[in-house]
Amino acid sequence: MKFVKHDLGQRSGGEIVEVILKGNAANVRLMDSSNFQYFRSGRRHQYIGGHAKRSPVRLQIPRPGHWYVTVDLGGYKGEVSSNVRMLPGKLRPLVDRPLSTVPSLVRTENNMQYDVFISYASEDKQDVVTPLAEALRAGGLSVWYDEFELRIGDSLRRNIDRGIAVSRFGIVVLSKAFFGKGWTNYELDGLVTKSVDGEQDLLPIWHSITKDEVVSYSPSLADKLARNTTMQTVEEIAEEIIEVVLGEPVEI
């Protein structure tokens, strides 16, 4: 597969790289040197970014190291040119800020059928996902959760694609079980694509995992504002999500 490489050199971490595209939509990947070598040799790799339909694309370098940006068309026909530049300053850390204080999370979209889509591994259903989904629904949100939506004979893939497409927020329950599942990675790819395109907000929930484990799985997810079940109860997480979606304090 053909791709364009932009060598960003050694970076201290926290900087913002702006990628300007002209032509077709393209895949934009920000990778450290190890993952770039894996990508170049066609091996499995981790990256920040995704399929970009709009320009410019801004990505934050999460940690010190030698970094690269690649741009490709994924094997499809077309033409795209790209330039990159480093922007001054750093993105402000979002850790421990209330979700409702993040302006990009507070929207009033009326063309979505569901408020939230929940992606998870079945191992986490009993302890986290079912109580979360029920609390969100009890709080007045419309929730895409397979137990609520799927019926015998339904197409799993088509229903998942549709659920992702018509949901305002994507909730991802990250855990050791999640990282090893095929369907969860399929769902996450769709959610990340919509997030990169600015069409949906991604809200990760960490369950019994460390930041190092999340970074190892996906550096871009590790940098997103998240909630952690070891620090908050499922009910507290649900209450905060409801407050963001409805735009007002709630009690569960």
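Contact, in what follows, means heavy atoms within 4.5 Å. With that settled, good morning, colleagues. The structure before you is a predicted model, and I shall begin with a residue to which the term applies directly.

Asn 35 lies in helix α1, which covers residues 33-40. If we leave aside its neighbours within four places in sequence, Asn 35 is in contact with His 45 and Gln 46. The C-alpha atoms of Asn 35 and His 45 are 5.2 Å apart, while the two residues are 10 apart in sequence. Is Asn 35 buried or exposed? Its relative accessible area is 11%, and the limit for burial is under 20%, so Asn 35 counts as buried.

Let me now turn to the chain as a whole. The protein chain has nine helices and 12 strands. Of its 252 residues, 45% count as buried. Taking contacts between residues at least 6 apart in sequence, 77% join residues that are at least 24 apart.

I come next to the nonpolar cores. The largest of them holds 24 residues. Which members touch the most others? They are Val 116, Ile 118, Leu 136, Leu 141, Val 143, Ile 171 and Ile 241. At least two residues of this core come from each of β8 (114-119), α2 (125-138), β10 (167-174), β11 (201-206) and α9 (234-246). The element that gives the most is α9, with seven residues. A second core, separate from this one, has 16 residues, among them Ala 52, Trp 67, Val 69 and Val 71.

Two leucines of the largest core deserve a closer look. Leu 136 is found in helix α2, and its relative accessibility is 0%, so it counts as buried. Outside the four places on either side in sequence, Leu 136 is in contact with Val 116, Ile 118, Leu 141, Val 143, Ile 171, Ala 238, Ile 241 and Ile 242. As for the last of these partners, Leu 136 and Ile 242 are 106 residues apart in sequence, yet their C-alpha atoms are 6.5 Å apart.

The other is Leu 141. Not counting residues up to four places away, Leu 141 touches Asp 115, Val 116, Leu 136, Ile 241, Ile 242, Val 245 and Leu 246.

This brings me to the packing of α2 and α9. Two packed helices are described by the angle between their axes and the distance between the axes. Here the axes of α2 and α9 come within 9 Å and cross at roughly 40°. How are the two helices oriented to each other? An angle of roughly 40° is neither under 35 degrees nor in the range from 65 to 115, and α2 and α9 are therefore oblique. The crossing of α2 past α9 is right-handed.

On the α2 side, the contact is made by Asp 127, Val 128, Pro 131, Leu 132, Ala 135 and Leu 136. On the α9 side, it is made by Val 234, Ala 238, Ile 241 and Ile 242. By class, this contact has nine nonpolar residues, no polar residues and one charged residue.

Within α2, the buried residues include Val 128, Val 129, Thr 130 and Leu 132. Ala 133, Ala 135 and Leu 136 are also buried there. After α2 comes Gly 140, with a positive phi near 100°.

I shall close with the backbone geometry and one exposed lysine. Most residues other than glycine have a negative phi, and most peptide bonds are trans. Where does the chain have a cis peptide bond? The bond from Ser 55 to Pro 56 is cis, with omega near 5°. Pro 56 is placed in the loop between β4 (48-52) and β5 (57-60).

Ser 208 is not a glycine, yet it has a positive phi of about 60°. This serine is found in the loop between β11 and α7 (211-217). Ser 208 has a relative accessibility of 45% and so counts as partly exposed.

Ser 208 also appears among the contacts of Lys 176. Lys 176 is found in helix α5, residues 176-179, and is exposed, with a relative accessible area of 52%. Apart from neighbours within four places in sequence, Lys 176 is in contact with Ser 208, Ile 209 and Glu 213. The C-alpha atoms of Lys 176 and His 207 are separated by 8.3 Å, and these residues are 31 apart along the chain.

Thank you for your attention.

Methods. Residues are numbered from 1 along each chain as its sequence is written. This is a predicted model: local features need pLDDT of at least 70, side-chain atom pairs count only at pLDDT 80 or more; totals for chains, interfaces and linings use all residues. Side-chain values use heavy atoms; hydrogens and water are left out. A nonpolar core is a set of buried Ala, Val, Leu, Ile, Met, Phe, Trp, Tyr and Cys residues joined through side-chain atoms within 4.5 Å. Buried means under 20% relative accessible area, exposed over 50%, partly exposed in between (1.4 Å probe, protein chains only). Helices (H or I, at least four residues) and strands (E, at least two) are DSSP runs, numbered from the N terminus. Axes are lines fitted to C-alpha atoms, for helices over the stretch in contact, and angles run from 0 to 180 degrees between N-to-C directions. Angles under 35 degrees count as roughly parallel, over 145 as roughly antiparallel, 65 to 115 as roughly perpendicular and the rest as oblique. A crossing is left-handed if the near helix is turned anticlockwise from the far one by less than a right angle, and right-handed if clockwise. Ala, Val, Leu, Ile, Met, Phe, Trp, Tyr, Cys and Pro count as nonpolar, Asp, Glu, Lys and Arg as charged, and the others, Gly among them, as polar.
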